[in-house]
Structure formats: C-alpha cells, structure tokens
Amino acid sequence: MTKQMNLRLDEDLIEEFEELAENENLDRSSLIKKILIEGLRKERFDFAIKKYVLKEISIERAAELAKVSLHEFISKISQMGIPSNLTLEDFKNII
Amino acid sequence: MRLYVYDACALIYLTKIKAKEKLPLLGSVLVSPIVKNELIADIDRFSDAKLLKKNLDNKLIEERKVKLNSVNFAKNLGKGENETIVICIRNEGIPVTDDSQAINYALNCGLKPKTSELILLELLKQQIISYEEFQTMFEELVHIKSLKHEVILFFKNKAEEIIKK
C-alpha cells in the first residue's frame, strides 16, 4: 500500500532531480523514491553505529535498529575498522 | 557438564576464527531460538551462516527454548542477548557474548560471562588447542574485532602465563 506525501523543495533541488532522472531514464518520482529508500537505509545504519560506538546499545540491538542481519552488521563494522566496544576493564571484570 | 549459552555475535566470531568445532569439548553449546534465527539469517549471502546451519542441523549447536517477559528485558540489548541471559539465569549457564553492554547486564544478574577471547584461553588451558592454534585464532580475532592494543597485550600475556604453568 502506498500513501501520498507532499514536501516542499527548493527549485534548484527539483532541477537537479529532473536532470538526474533524465540521465538515468527514470521518472522523477521513481528517482526520488529510490534515493529516499537508500538514504533511509544509510541514515538508519549510521544512527545504529553511532549508538553502538557511544556504548548506548549492544551490537545485536544496533543490528536490530539498522534493520540488517547481525552477519551484515558485523561484516560492515569490521570493514569500517570500528573496534569492539569491549574495554580492558570489561575483560578484567570477568577474567 | 558445563552449559555455555552463546549469543549470535560470539558464535559468529568463533566461526570466523575456526574455533567453533572445538566448543563442544568445553561443554554444551546452547543457543536461544532468536539467536538461532540470527545465526542463519542472510544464509545466501554469508558463508558463516551456512556453516552454522549445518552445526544446528547436526546438533553440535543445540537450541534451548525460552520465554521472555518484560521484567528481565534490557532495552539496550538485542532480543537474542536478552534470551541468552535469561537461559543462563534459569539453568546456571555461562553466557558467552562479545558485547560490553551484554557483559555488564550479565554481571548485574549475578552471572559469570565469557567472551570469545576468554573461550580461546579456556581452550588453551584445557589443552584442547595448542599455543600455535591459539595464536592463529587470536590474531584473526584481533583483525576482525579491531581489538585495542592494550587488550591484545593483556590476552597475549594471559596465554603465556597458561603455557608456562
């Protein structure tokens, strides 16, 4: 099911969308929808990473927030070189 | 026999460093239903998920049913991590998790959590793996988890202490 959503954009931005849509052989709506989906995914992922790095949430909760599998989340943070949230103090507390 | 209850993160890391097959030699390898689902999610894209599915099918990794209630549900943890801790509370299990938040929550619940690094030390201590195997697996873990320098030194020293005994 789809719903209509109205939003006001600067003319320059609309022109940019139209130019890109023409280059990609897409209609303007399809292009904006595609960019919104990709942008939302990225925003969600970045938000989850931020919360994880700040030690506000666990790695699994972060994957849930990002709406990706834990395999994918682990793979991405490993590629990005984001260190495990475990500290030396954590290890000393449990050894 | 000791009951080790793994969360998905720890089991994925232990799979990546090829230590997973050694785990039953330490004790039972249990996972919760949600953790089981996480392990086999995205199976078409990740080879680790395929390996874990095989282990679940041949019961090397066993599923333990559990029901969560809101009383013992930590909101900063994932559902699988919460289930892991609840299973441990109810069965005197040892939670294995590679997350700081989950470790602290487990400690607050009176449990004695372990991480992948500690599992490797335990495998070494019980002579299930050699020192060379420990080094190879640990180096891989350092790389995948981007472990901090001080943590690396800490575990290298611990491993040396074990082999000197």
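Me: Which residues have the most contacts inside the largest nonpolar core?
Reply: They are A:A62, A:F73, B:V5, B:Y6, B:C9, B:L11 and B:L120, and the core has 58 residues. Keep in mind that this is a predicted model.

Me: OK, and which element gives the most to this core?
Reply: That's α1(B), with seven residues. As for domains, the core draws at least three residues from each of domain 1 (3–115) and domain 2 (117–164) of chain B.

Me: You listed B:L120. What does B:L120 touch?
Reply: If you skip residues up to four places away in sequence, B:L120 touches B:A19, B:F134, B:M137 and B:F138.

Me: Back to those domains. How far apart are the centres of domain 1 and domain 2 of chain B?
Reply: The centres are separated by 20 Å, taken over C-alpha atoms. The two domains do touch: twelve residues of domain 1 and 14 residues of domain 2 take part in the contact.

Me: What gives the most to the domain 1 side?
Reply: α1(B) again, this time with three residues. On that side of domain 1 you'd find seven nonpolar residues, one polar and four charged.

Me: Switching to the two chains. How many residues does each put into the contact?
Reply: Chain B puts in 36 residues and chain A puts in 28 residues.

Me: Which elements of chain B give two or more residues there?
Reply: There's a list of helices: α1, α3, α4, α5 (100–108), α6 (116–125), α7 (131–145) and α8 (149–164) of chain B. The largest share comes from α5(B), which gives five residues.

Me: And how does the chain B side split into nonpolar, polar and charged?
Reply: It has 16 nonpolar residues, seven polar and 13 charged.

Me: Tell me about α5(B), then. Which of its residues are buried?
Reply: B:S100, B:Q101, B:A102, B:I103, B:Y105 and B:A106 are the buried ones. They pack against α5 (88–94) of chain A, and also against α4 and β4 of chain B.

Me: What comes just after α5(B)?
Reply: B:G110 sits just after the helix, and its phi is positive, about 85°.

Me: What about α2(B), which residues are buried there?
Reply: This helix covers residues 33–40 of chain B, and its buried residues are B:I34, B:V35, B:K36, B:E38 and B:L39. Both chains help to cover them: the cover includes α4 (70–79) of chain A, plus α1 (8–16), β2 (28–31), α3 (47–57), β3 (62–63) and α4 (79–91) of chain B.

Me: And what follows α2(B)?
Reply: B:D42 follows the helix, with a positive phi near 60°.

Me: You mentioned strands. What order do they have in the sheet?
Reply: It's an open sheet of four strands in chain B, ordered β3-β2-β1-β4, with parallel pairing. At the edges are β3 and β4 (94–96) of chain B, each of which pairs on one side only.

Me: What holds paired strands together in general?
Reply: Strands of a sheet pair through backbone hydrogen bonds, either parallel or antiparallel.

Me: How many bridges are there between β2(B) and β3(B)?
Reply: Two bridges, and the pairing is parallel. For B:V31, the bridge partner in β3(B) is B:E63.

Me: Last thing, how confident is the predictor about chain A?
Reply: The average pLDDT of chain A is 95, and 100% of its residues score at least 70. Among its elements, helix α3 (residues 59–66) has the highest mean pLDDT, 98, while helix α1 (residues 11–23) has the lowest, 95.

Technical notes:
Residues numbered from 1 in each chain as written. Chains lettered and ligands numbered in written order. Predicted model: local features only at pLDDT ≥ 70, side-chain atom pairs only at ≥ 80, totals over all residues. Buried ≥ 20, exposed ≤ 12 C-beta atoms within 10 Å, placed from the backbone. Contact = placed C-beta atoms within 7 Å. pLDDT = per-residue confidence, 0-100. Nonpolar A, V, L, I, M, F, W, Y, C, P; charged D, E, K, R; others polar. Domains from an automatic or database assignment. Core = buried A, V, L, I, M, F, W, Y, C linked by C-beta atoms within 7 Å. Pairing = 2+ DSSP bridges.
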